[in-house]
Amino acid sequence: MNKKYDVLIIGAGPAGIYLGWELEKKGIRTIIFERDSRTEVGSKMDQFHMDAYTFDEFGVPPPSPETDEYITSFNITNHYSPSGKIVKKMNWPVIAMRFPFFIQRLIKISEADGLQFEFSSRFKCGIFDKNKLIGIVIKKINEEYEYFGRIIVDASGTNAVVRSSLPENYGIETFNINDDEKMYVIQRVIRWLKPDEPHPGTEAKSNTWMYYKNWIAPHFASKANIFGNGQPGGYENVEKANKIFLENIHFPPYEILEEHKATTVYRRSPYSLVGDGFFCIGDSACMTKPFNGEGISLSWIVAKIATDVFIKALKSPNYVSKNELWDINIRYYRDIGAKLAALLAQIPVAANTTKKEMEYLFKKNIIFSGKDFEHMNQYHELHINFGRMIKIIAVFIWGLITQQFSRSTLNSMLKYMKISDKIRKHYEKFPENPEYFNEWVQKAEELWNPVEKMKFILNN
Ligand SMILES: Cc1cc2nc3c(=O)[nH]c(=O)nc-3n(C[C@H](O)[C@H](O)[C@H](O)COP(=O)(O)OP(=O)(O)OC[C@H]3O[C@@H](n4cnc5c(N)ncnc54)[C@H](O)[C@@H]3O)c2cc1C
């Protein structure tokens, strides 16, 4: 068996497969190692959704409606205020799908184009030559195998098995994701006991209640929906939130058919995505959109950038050092990475407002408006020009006068608007040359230090 490749990818999730497929199509010899067996891969979750535009944009055929992978498509998502009385409609086309079938299809499509997979193959450790990563050890049942590649990619999801195993002085942050940097999600499959009566999911197929971080999404079973909640701090908080939610928002009778627990990442990405012979992508690099927790399309954007940079780097016969891969950092962090970092700094403070304050913002169409939700999905930033800023300030002042908004929350929001703006500008100046990286990181640390984490805020 020839165990030398251009690129070794660890993890057959949406990030790893898409990157491997793109590389293989461009003639870069790539192999993916996946811990799970071929039949188990993709079983980490069931229902999920993607923007309908994503498929065309990335050249992935959309799921066919006749298959088990496809659940439904819809354009309108309803966003409800804390009282449930004000609703903002987001007009954004979405396809609801089933993850295991989606992953199996991606594997099939990419295999047809020559991409190789090794299943039931767990990453054990890196192989180094003179402190530089040159290969990996893979454990398959009870046997260990060595594989060598010019670039090793960590696409192993939140465990980040390669990144977190690198030596401390490798120039890559080796952190594991802390408990307070996760959102804990419980998704329940519920069946409506009186399905002919109006219930969430009748008018719009997707509904969210941001204050409670609850949502109703389509499910493939008849008369059923997904009832989801995500909270920081642990699954106990999710249960508390659900109880408070159901005391405040009327749901017609339902029964619970299934329950699934999972966590998603809610923290900044590592300051650098690349090291000598190394690159990390997807959840292993904490790439999720802070406004909705989605990660798949984001990892595909980064995969496109990485493919361009890998092709250039692999042209030379020399070892692929961090410098040859640095352009990935520049292209990601100066553009979409800067926008997402700014939102990550801004969103917790908006989400941590009181019930009354969030109701007021819904009423006044500030942050919680259909147009803002659409803009964030499309451009990954809030749309705040000078005219809108003036309107926002007027709304805040009116909120203070009429006591619908507290001075301390307003001060917090203004403080984090400023910090978020500075973070964005700092990322937009991501250093051209790795020599200036440490200096850049020092300033970035100062900016991130005061940023609030998402909090559990429900108390009534
Ligand atoms: C409940 C929930 C709902 C979500 N809903 C959405 C949604 O609707 N839309 C959306 O875009 N995103 C959603 N996300 C986020 C999305 O699932 C992730 O962002 C995405 O799966 C990340 O892809 P990835 O390839 O980086 O990692 P993963 O999908 O986690 O894949 C990593 C792969 O690496 C493998 N692996 C791990 N360790 C090893 C090892 N040691 N050796 C070899 N292989 C290994 C794993 O088995 C896995 O197959 C959701 C997440 C959760 C938890």
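Isoleucine 141 counts as exposed, because just 8 C-beta neighbours fall inside 10 Å and the limit for exposed is 12 or fewer. This residue lies in the loop between β8 and β9 (143-154). Its backbone also stands out in this predicted model. Phi of isoleucine 141 is near 50°, a positive value in a residue other than glycine. Most residues other than glycine have a negative phi.

Asparagine 131 gives a second case. Its phi is near 65°, again positive in a residue other than glycine. Asparagine 131 sits in the loop between β7 and β8 (132-140). Buried or exposed? Asparagine 131 counts as exposed, with 9 C-beta neighbours inside 10 Å.

Now step back to the whole chain. The chain holds 12 helices and 16 strands. Its C-alpha atoms fill a box of roughly 70 × 50 × 35 Å along the principal axes. A compact globule of 460 residues would have a radius of gyration near 23 Å, and the chain, at 23 Å, agrees. Of the 460 residues, 42% count as buried. Contacts reach across the sequence. Among those between residues at least 6 apart, 72% join residues at least 24 apart.

The chain is divided into three parts: domain 1 (4-61 + 100-177 + 269-333), domain 2 (179-265) and domain 3 (342-448). The centres of domain 2 and domain 3, taken over C-alpha atoms, are separated by 27 Å.

Where does the ligand lie? Domain 1 and domain 2 both give residues to the shell around the ligand, so the ligand lies between them. The shell has 37 residues, and the closest are Gly11, Gly13, Gly157, Gly282 and Gly295. By class, 15 are nonpolar, 15 are polar and 7 are charged. Several elements each supply at least two residues of this shell. Among them are the helices α1 (14-25) and α5 (296-315). The strands β3 (47-51), β7 (121-129), β10 (182-192) and β14 (254-265) do so too.

Next comes the interior. The largest nonpolar core has 112 residues. Leu8, Leu19, Val153, Phe279, Ile281 and Ala306 have the most contacts inside this core. Helix α7 (residues 336-351) gives the most to the core, with 11 residues. Take alanine 306 as a point of entry. Which residues does alanine 306 touch, not counting residues up to four places away in sequence? They are Leu19, Phe279, Ile281 and Ile328.

Serine 73 shows another setting. This residue is found in strand β4 (residues 70-80). With 17 other C-beta atoms within 10 Å, serine 73 is partly exposed. Leaving aside neighbours within four places in sequence, serine 73 is in contact with Ala52, Pro93, Val94 and Ile95. Asparagine 142 is 69 residues from serine 73 in sequence, and the two are 44 Å apart in space, C-alpha to C-alpha.

Aspartate 196 completes the tour. Its place is in the loop between β10 and β11 (206-209). Aspartate 196 is exposed, because 8 other C-beta atoms lie within 10 Å. How far apart in space are aspartate 196 and serine 321? The two are 62 Å apart, C-alpha to C-alpha, and 125 residues apart in sequence.

Terms used: Residues numbered from 1 in each chain as written. Predicted model: local features only at pLDDT ≥ 70, side-chain atom pairs only at ≥ 80, totals over all residues. Core = buried A, V, L, I, M, F, W, Y, C linked by C-beta atoms within 7 Å. Buried ≥ 20, exposed ≤ 12 C-beta atoms within 10 Å, placed from the backbone. Helix = DSSP H or I, 4+ residues; strand = E, 2+ residues; numbered from the N terminus. Contact = placed C-beta atoms within 7 Å. Near = placed C-beta within 6 Å. Nonpolar A, V, L, I, M, F, W, Y, C, P; charged D, E, K, R; others polar. Domains from an automatic or database assignment. Rg over C-alpha atoms; globule rule 2.2 N^0.38 Å.
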